[in-house]
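Me: Please take a close look at one part for me, the largest pocket, beginning with the classes of residue in its lining and then turning to the framework of the model.

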Amino acid sequence: MTFAQPPKDPLQRALLRAPIWIYRLGLGDLLGERLVLLTHRGRTTGEARQAVLEVVGRNDNTGAVLVASGFGNRSHWFRNILEEPRVLFQVGGRRRRGTAELLPPEESGQVLAHYAQRHPRAASALMRGLGHDVDGGLRDYERIGSDPVNGVPVVRLLPDAPEPGLPDFSAPRGTDVPRPRN
């Protein structure tokens, strides 16, 4: 089964939306730090909408979380945050208010390549399921993330105020792109 198009079947949609209910029940900690609940405004209705997305990168120092739009600009959540970037997001039990910003294509490619380096099987299965041809090389992921038309753009969810804590020494020097973590 391929997910090159967002699911239209009610059963498939319900299965993909099941993690939202886990968060709504207050059990977000069960999902760990690999998923984020994104609450955003609908671009036409202005009503709150929610999506659960996989975290492809993070920065513990700033509290930033990186998520990829697997369906590119066809994803409703993606089009909504482009219209209204003020969001709420929750990773595990931590809820944050912040801003969503689209990374430039080159940075998106670097983030996807780094994610693929850290999680090669998951990245390969995800990209193939989304209809992207990958052979496992990092250049494929850079190409897919850098393609502004048919690729997988990456969005940074940046909290309004970073949580106090220790510096994040895992972040690469000379760049503000958070490195993915487990």
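Reply: In the classes used here, Ala, Val, Leu, Ile, Met, Phe, Trp, Tyr, Cys and Pro count as nonpolar, Asp, Glu, Lys and Arg as charged, and the others, Gly among them, as polar. On that basis the lining of the largest pocket has 18 nonpolar, 12 polar and 7 charged residues. This is a predicted model, in which local features need pLDDT of at least 70 and side-chain atom pairs count only at pLDDT 80 or more, while totals for chains, interfaces and linings use all residues. Residues are numbered from 1 along each chain as its sequence is written, and side-chain values use heavy atoms, with hydrogens and water left out.

The pocket (an open set of points on a 1 Å grid over the protein atoms alone, where a 1.4 Å probe fits, with protein on both sides within 12 Å along at least five of seven lines) is lined by residues with an atom within 4 Å of a point. Its volume, the space filled by probe spheres set on points joined across faces, edges and corners, is about 1100 Å³. Of its 37 lining residues, Ala 51, Val 52, Leu 53, Phe 71 and Trp 77 lie nearest the centre. The elements giving two or more residues to this lining are α1, β1, β2, α2 (76–83) and α4 (120–129); helices (H or I, at least four residues) and strands (E, at least two) are DSSP runs numbered from the N terminus. Strand β2 gives the most, with 7 residues.

β2 also belongs to a barrel that 6 strands close in the order β1-β2-β3-β6-β5-β4, with antiparallel pairing, where pairing requires at least two DSSP bridges. The twist averages 45° from one strand to the next, between axes fitted to C-alpha atoms (for helices over the stretch in contact), with angles from 0 to 180 degrees between N-to-C directions. Helix α1 (residues 10–24) lies across β1 (35–41), β2 (48–59) and β4, at about 90° to β2.

Elsewhere in the barrel, 4 bridges join β3 (residues 64–68) to β6, with Val 154 the bridge partner of Ala 68.

As to confidence, pLDDT (the predictor's confidence in each residue, from 0 to 100) averages 84, and 85% of the residues score at least 70. Over residues 169–182 it is below 50, although this stretch has 34 contacts in the model beyond near neighbours in sequence, a contact being heavy atoms within 4.5 Å. Where pLDDT is low, the predicted coordinates should not be read in detail.
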